[in-house]
Amino acid sequence: MPSDQSIEQSVDTLLAQMTLDEKIGQMTQVRHFEEIPGDAISNGAIGSIIHTEGPLPGSNAASWQATFTWLQKKALSSRLGIPLLFGVDAVHGQNTYEGATIFPHNIGLGATRNTKLVEKAAGITARESKATGFNWVFSPCVAIPYNEKWGRVYEAFSESTELTERMTRASVLGHQGKRLDQNSIMATAKHFIGDGATDNGVEGGDCSLSQQEVRERLLPPYQAAVDNGVGAVMASFNSMAGLPMHANKYWITEVLKESMGFNGIVVSDWKGYSRFGENDIINAGIDMVMAVDGDFVMYQEGLKAGVENGQVSHARIDDAVRRILRQKYSLGLFENPFPNSSLIPKIGSVEHREVARQAVRESLVLLKNNERILPLDKNVGKIVVVGEHADNAGLQSGGWSIHWQGSSENYAGSTTILSGIKRLAKGEVIYDIDASSDHKDVDIAIIVIGETPYAELFGDIGGEIDAYQLTLTENHKNYINTYINKGVKVVTVLISGRPLVTTEIIHQSDAFIAAWLPGSEGDGIAEVLFGDYGFKGKLPHSWPKSVEDYQGKYGPNYWDSAYAPLFPFGYGLEY
């Protein structure tokens, strides 16, 4: 691996040969394969490609790799032969590829408190992402949510700054190793800064915390990421005191780059150029722009005009390109630009899935266990399992799972909670999906309820689509009431991306488990229910008593001394 000094020399040599058009090309990231204009890659007009919801690169990992190899060869045929970065939203495993190992979302990993496990999960995500052709992931999210109305709570580890800091360090090390090289993948700490801490939990809203509060509560995980060599930081959709973060030179340049010593790439979020002030975002310190959904020509022409008329300095452009080239050299892309086919058999492998199953087991938080009903006896005569979430890998995985907004179907390689129960139980197991069957002679009802998948603003409560609430649906409440009224003991498993107001249901249930969004290994939940493994998880967020807890600007959280939650941060029963 070349030394830092040799990398800087190589960057300076290459930068001196570049035209303004080629520099702007390095600062350009486009979407997929349908938005790449003609010979733009071979002309050096593109520096990176992002894969997200939309056309797939192929039908299997080999064809994904073949597509990225073809695109990379186009880049290498350009005048200067600068390789491409391929980025993907792999936020809990390589979740865009069906058949990959999908881990619990970060909120579940936060419940494990296990930094070694988080590091392993990130390492597996890196390997499976590389196996499908990528060299850059947009993970980890190191936000600190202050209001459960926010639709991205599950993407973050915890409401605790200290816990988030520890998990961030582990995730960056897992993705990248101790330093970026040809065997690692570039990680991205996101979203800088203030997402999750906006007034009323609005995605892309305004964060009105003071500078001191931001520095004390939100900044430490980013410092941990920078200290551990994170390759990229993504700017946030939110504003800070009314100024969009994408255009906030104080936080991006003066704080992140200068004070904190970040020397990697600051990348915009989706359509950052047209949404947040065009060349203002470049002057603020954005180095690479997601020029997607029609922004490509407008961005490149607008930025070039901005340089030529003096609105954007040549020095700012050179700083951005230097940062991008530095990471490309660090990743060894100039020597090894193509995907490694030997990694393909690792995708969804038994050893990878075992780590994900361990993460599921350790993420479960036991909030109630009346008369020690758990663990369940495998020899119990008859068990009824209730709820559509019990046998649906899509529902149990949440957003960013195969599709951006998640799925309501099973997907390749996954196991469900029901399949795990059937595998372990020695007695009869009945599946009553909607509590409509007449089963009175059962010994235990395992009722699996929760949220349907969502991502970003579509999960905001009171946001653009007001489809999600802080309480459960009446149908799900009725599942429990149906079996309570029959005199059957009830074990409730909640699948959710955030704490929900479930006080009445917890009171009704004999046992209650917060299972978060477990990902592809749903049978790990059954292993804990039957006592093959004990409960270890601790709440990464305080648990609310009522919807009135969310009437204020910020929801209840562990640093609000006036708030008395139903269960405090860190609570969790064990056996």
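1. Asp295 is a buried residue in this predicted model, its relative accessible area being 3%. The side chain of Asp295 meets that of Lys271 in a salt bridge, with 2.9 Å from N to O. The two partners belong to distant parts of the chain, 24 residues apart, with Asp295 in the loop between β11 (289–290) and α12 and Lys271 in the loop between β10 (265–267) and α10 (272–275). Lys271, at 19% relative accessibility, also counts as buried, because the cut-off for that class is under 20%.

2. A second pair worth inspecting is the salt bridge between Lys304 and Asp21, in which the closest N and O atoms are 3.1 Å apart. Lys304 is part of helix α12 (residues 296–308) while Asp21 is part of helix α2 (residues 20–26), so this bridge ties together parts that are 283 residues apart in sequence. Lys304 is partly exposed, with 28% relative accessible area, and Asp21 is likewise partly exposed, at 44%.

3. Asp4 and Arg179 form a further salt bridge, with 3.3 Å between the closest N and O atoms. Since Asp4 sits in helix α1 (residues 4–15) and Arg179 in the loop between α6 (161–176) and β5 (188–192), the pair ties together parts that are 175 residues apart in sequence. Arg179 has a relative accessibility of 40%, and is therefore classed as partly exposed.

4. For the structure as a whole, the search finds 35 salt bridges. Some charged side chains are joined in a network of such bridges, namely Arg353, Glu354, Arg357, Arg361, Arg423, Glu521, Asp523 and Glu527.

5. The backbone deserves a careful look around strand β5, where His191 is found. The peptide bond that leads from Lys190 to His191 is cis, with omega near -5 degrees. A cis peptide bond also runs from Phe192 to Ile193, here with omega near -15 degrees, and Ile193 is located in the loop between β5 and β6 (206–207).

6. Asn200 lies in the loop between β5 and β6, and has a positive phi of about 65 degrees although it is not a glycine. With a relative accessibility of 35%, Asn200 counts as partly exposed. Glu456 is another residue other than glycine with a positive phi, near 55 degrees, and its place is the loop between β15 (444–450) and α17 (474–485). Glu456 is buried, with a relative accessible area of 12%.

7. The last point concerns helix packing. Two packed helices are described by the angle between their axes and the distance between the axes. For helix α7 (residues 211–218) and helix α9 (residues 249–259), the axes come within 14 Å and cross at roughly 55 degrees, and the two helices are therefore oblique to each other. Their crossing is right-handed. On the α7 side the contact involves Gln211, Val214 and Arg215, which meet Tyr250, Trp251 and Val255 of α9. Sorted by class, the residues in this contact of α7 with α9 are four nonpolar, one polar and one charged.

How values were computed:
Residues numbered from 1 in each chain as written. Predicted model: local features only at pLDDT ≥ 70, side-chain atom pairs only at ≥ 80, totals over all residues. Heavy atoms only, no water. Salt bridge = Lys/Arg side-chain N within 4 Å of Asp/Glu carboxyl O. Helix = DSSP H or I, 4+ residues; strand = E, 2+ residues; numbered from the N terminus. Buried < 20%, exposed > 50% of the residue type's maximum accessible area, 1.4 Å probe, protein only. Axes fitted to C-alpha atoms, helices over the stretch in contact; angles between N-to-C directions. Parallel < 35°, antiparallel > 145°, perpendicular 65-115°, else oblique. Left-handed = near helix turned anticlockwise from the far one by under 90°. Contact = heavy atoms within 4.5 Å. Nonpolar A, V, L, I, M, F, W, Y, C, P; charged D, E, K, R; others polar.
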